[in-house]
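Visitor: I am new to this structure and should be grateful for a close look at a single part of it. Please take the pockets as the subject, and then follow the elements around them.

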Amino acid sequence: RARRPGALPPPYPNGWYRLLDSAQLPRGGVRSLALLGEQLAAFRTQDGQAYVVDAYCPHLGANLAAGGRVMGNCIQCPFHGWQFRGEDGKCTSIPYAEKVPDFARVRTWPSCEVNGMLLVWYHCEGVSPTWAVPEQREITTQEWVFHGQTEHLVDAHIQEIPENAADTAHLAFLHGPAILGGSDLRYTRSKLWDFMKHIWKADWQPEPEPNKHCSQLLVQHTATIFGKHVSLMDLMVSARQVGPGLVFLIFEHAFLGHGIILQTVTPLEPLLQNVVHKIYYQKNIPAIIPKFILRAECIQFERDITIWNNKQYLPKPLLVREDSSIQKHRRWYAQFYSEKSMRLPAQKEGLDW
């Protein structure tokens, strides 16, 4: 993290971000969360409704999530017992005061629960959600069941991660060597695993209105062993990016059925992303298949992490004609920034700090 990160775009794009899994917030539960440069408190009422509010009580600054309790549809401050309503943040009770001031309230955050996750809407100008998180029908109906997840911390700007989808040239070079070669880039090209190769054909395109916040990456994967095509490894993946921090990776295999990896990217700090991959797969397929797919995804993703953790963001990269979709992706991704998007302070040289 001591590297020069380059002239970065604003660190927190506008959009929906995963806070936690719905199962991590039981009825009556309160969770403290630090992300997007904010400190938040998430709580669930006894009737099952989840709310997200600013963590700090406007009275004397106590953290509502550090010892706070759920009272009805409110969260109670652990310091003086003030109660704040989840839906609008209004203070409804002060134990020792005759009257609650009208302006006594805590900021609330738009949130939703979809696909087994609690998500929060972030917009630097406080604009209400402009699009909804799509529900994956097979997860809701439990046709596809959960088979595990991976979690990574990535030391990079959030935009670097989805930009990979448009950088089709890196697929052959970085992800071509066999997954058996692991994720340490010094050894992935080892002669030992040279008998096996992954071949990727990819096409990235933004979606038209009314889904201009979405893009599609279609990937065709084939593999060869000793130069011979192995049809069992043929895989079609359609990756749909929804906003800046959500990706739906749908797998289709001739014999091994269908499933999905949900990728969520949540900025904890300007250059620190929490990335979770959750796999759901057809019930009638042995668990070893989705677990193998998730493991393979994990190895390939960790190859990218080595690059992201050490690279510099170049606002004007030196591109060749075959890289044109990278600029196209940057133009598409720019919609998630606003005039008032927080910028990182320019680092000054010298001792005048």
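Visitor: By class, how many nonpolar, polar and charged residues does the lining of the second largest pocket have?

Guide: The model shown here is a predicted one. In the lining of the second largest pocket, nine residues are nonpolar, three are polar and six are charged. This lining is made up of 18 residues in total. Those that lie nearest the centre of the pocket are Glu 163, Asn 164, Asp 167, Ile 307 and Lys 311. The space within the second largest pocket comes to about 430 Å³. Four helices, namely helix 2, helix 3, helix 4 and helix 5, each contribute at least two residues to its lining. Helix 2 spans residues 160–166, helix 3 spans 169–175 and helix 4 spans 288–308, while helix 5 covers 324–333.

The largest pocket may be described in the same manner. It holds about 920 Å³ of space, and 38 residues line it. Nearest its centre lie Trp 200, Val 237, Leu 249, Phe 251 and Glu 297. Its lining consists of 25 nonpolar, eleven polar and two charged residues. Helix 2, helix 3 and helix 4 are among the elements that each supply at least two residues here. Strands do so as well: strand 13 (196–206), strand 14 (214–225), strand 16 (235–242) and strand 17 (246–253) each provide at least two. The element that gives the most to this lining is helix 4, with nine residues.

Helix 5, already met at the second largest pocket, deserves attention in its own right. Its buried residues are Ser 325, Ile 326, His 329, Arg 330, Trp 332 and Tyr 333. When the helix is viewed down its axis, these buried residues fall within an arc of 160°, so they line one face of helix 5. A general point about helices helps here: an α-helix has 3.6 residues a turn, so residues three or four places apart point the same way. The cover over the buried residues of helix 5 includes helix 2, strand 13, strand 14 and strand 16. Each of these four elements also supplies at least two residues to the lining of the largest pocket.

Strand 11 offers another view of burial. It runs over residues 117–122, and six of its six residues are buried. Met 117, Leu 119 and Trp 121 point one way from strand 11, whereas Leu 118, Val 120 and Tyr 122 point the other way. In a regular strand the side chains alternate between the two faces of the sheet.

Strand 11 has antiparallel pairings with strand 1 and with strand 10. Strand 1, residues 15–21, is joined to strand 11 over six bridges, and Tyr 17 stands opposite Val 120. Strand 10, residues 111–114, is joined to strand 11 over four bridges, with Val 114 opposite Met 117. Strand 10 and strand 11 form a hairpin that has two residues between the strands. In its turn, Asn 115 has a positive phi of about 55°. Strand 10 itself has a covered face, formed by Cys 112 and Val 114, and an uncovered face, formed by Ser 111 and Glu 113.

Key
Residues are numbered from 1 along each chain as its sequence is written. This is a predicted model: local features need pLDDT of at least 70, side-chain atom pairs count only at pLDDT 80 or more; totals for chains, interfaces and linings use all residues. Side-chain values use heavy atoms; hydrogens and water are left out. On a 1 Å grid over the protein atoms alone, a cavity is a set of points where a 1.4 Å probe fits but cannot get out, and a pocket is an open set with protein on both sides within 12 Å along at least five of seven lines; lining residues have an atom within 4 Å of a point. Grid points are joined across faces, edges and corners, and a volume is the space filled by probe spheres set on the points. Ala, Val, Leu, Ile, Met, Phe, Trp, Tyr, Cys and Pro count as nonpolar, Asp, Glu, Lys and Arg as charged, and the others, Gly among them, as polar. Buried means under 20% relative accessible area, exposed over 50%, partly exposed in between (1.4 Å probe, protein chains only). The arc is that of the directions from the helix axis to the C-beta atoms. Contact means heavy atoms within 4.5 Å. Two strands pair if DSSP finds at least two bridges between them.
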